[in-house]
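Below are some comments on the model you sent, set out as numbered points. They begin with one position in the chain and then move outward to helix packing and to the chain as a whole.

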Amino acid sequence: MKILCFHRNSEIVNENLRDHDTKNSIHIEDKLSDYDDDLYQFYHQEECQIIPNSKGYKVDSEMRRNVVDWLIYLHYDLELVSETLYLSVNILDRFLSKNNFEVSTMNEFKLIGITSLLLASKYEQRSEIGVSDLVEYSFTLDEICEMENLILKELGWILTVPTCYMFLGINLRTCLLSDKDKIMENMVLFFSELSLTHYQIVCDYKPSVIVASAVYCARNVIGRYPLWSNELKLCCGYSEENLSSCAKVMMDLRNEICRDGSMHVFKKFSSLIG
């Protein structure tokens, strides 16, 4: 837990780290496919087209933060793949940005969140979670199905979008010392998932910037020097100066949740990082 809250030298690593569950880890390979570079460029182009809250609808950021943190808990508890979490938050935010009414209650916000998780699981999981698996969370079958139809209608059935997950693989391959460098992998994933809870980060920065900033913050906390290299700049597409504002927000957020200690994302990665 301490390493999430304080700077530590890279050689001080817990030998008994519990590996990330395989369903939640990012699969890192030397080359995803012959089209890896082209896909990466395509994601960079497409991420500019999907901007949450482009119309400026009012969203209660504190309520959203609690719901997204709850989704992180559900995602981990249900042992879903990483892609599902990032897509579910993207669906949630895009729906809120298109919706013409203000979400006023936590229960309504949770209904939108849990339905977004259901939709993401249908898209990303080999065996999606069923509506019956979610009914126990205070919502009826009809409520979830009705919200599912409403979300799909508002989004025009567009679920293929570049999320932070699309950029995690190639960035991790560049920053890890080896395939067994779990301390860095989990720290990058911590900052990446933590950013999902902060509405301003999601609205102000593109997924590629968020992931690159997560790498930068992770290197800062662990003590990997130089904090940013030409190789990382070429891989991520951003200089250290380009990342400074997003990284500062992330570090401030990390300090805040470490002081509080109650968020699910903090508890999740405290057990993984030590």
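1. In this predicted model, Arg 65 belongs to helix α3, which covers residues 61-77. The relative accessible area of Arg 65 is 14%, and because buried means under 20% on this scale, Arg 65 counts as buried although its side chain is that of a charged residue.

2. Which residues does Arg 65 contact, once its neighbours within four places in sequence are left aside? They are Thr 197, Leu 253, Glu 256, Ile 257 and Met 263. With Glu 256 there is also a polar contact between the two side chains, at 2.9 Å. As for Met 263, its C-alpha atom is separated by 9.6 Å from that of Arg 65, while the two residues stand 198 residues apart along the chain.

3. Two of the residues in contact with Arg 65, Leu 253 and Ile 257, return in the packing of helix α13 (residues 240-260) against helix α9 (residues 182-196), where the axes are 10 Å apart and form an angle of about 90°. Because angles of 65 to 115 degrees count as roughly perpendicular, α9 is described as roughly perpendicular to α13.

4. On the α9 side, this contact is made by Phe 190, Phe 191, Leu 194 and Ser 195, and on the α13 side by Met 250, Met 251, Leu 253, Arg 254 and Ile 257. Sorted by class, the residues of the contact are 7 nonpolar, 1 polar and 1 charged.

5. A second buried position worth listing is Ser 88, which is placed in helix α4, residues 82-98. Its relative accessible area is 0%, and, not counting residues up to four places away in sequence, Ser 88 touches Ser 116, Leu 117 and Ala 120.

6. Turning to the whole chain, the secondary structure comprises 14 helices and 0 strands, so that the pattern read along the sequence consists of α elements. Of the 274 residues, 54% count as buried, and Arg 65 and Ser 88 both fall in that class.

7. Among contacts between residues at least 6 apart in sequence, 83% join residues at least 24 apart; the contact of Arg 65 with Met 263, residues 198 apart along the chain, is one of this kind. The chain exposes about 13,100 Å², and carbon and sulfur atoms supply 48% of that area.

Technical notes:
Residues numbered from 1 in each chain as written. Predicted model: local features only at pLDDT ≥ 70, side-chain atom pairs only at ≥ 80, totals over all residues. Heavy atoms only, no water. Helix = DSSP H or I, 4+ residues; strand = E, 2+ residues; numbered from the N terminus. Buried < 20%, exposed > 50% of the residue type's maximum accessible area, 1.4 Å probe, protein only. Contact = heavy atoms within 4.5 Å. Polar contact = N/O pair within 3.5 Å; in protein donor to acceptor, adjacent residues only side chain to side chain. Axes fitted to C-alpha atoms, helices over the stretch in contact; angles between N-to-C directions. Parallel < 35°, antiparallel > 145°, perpendicular 65-115°, else oblique. Areas by Shrake-Rupley, 256 points an atom, 1.4 Å probe, with all protein chains shown as cover.
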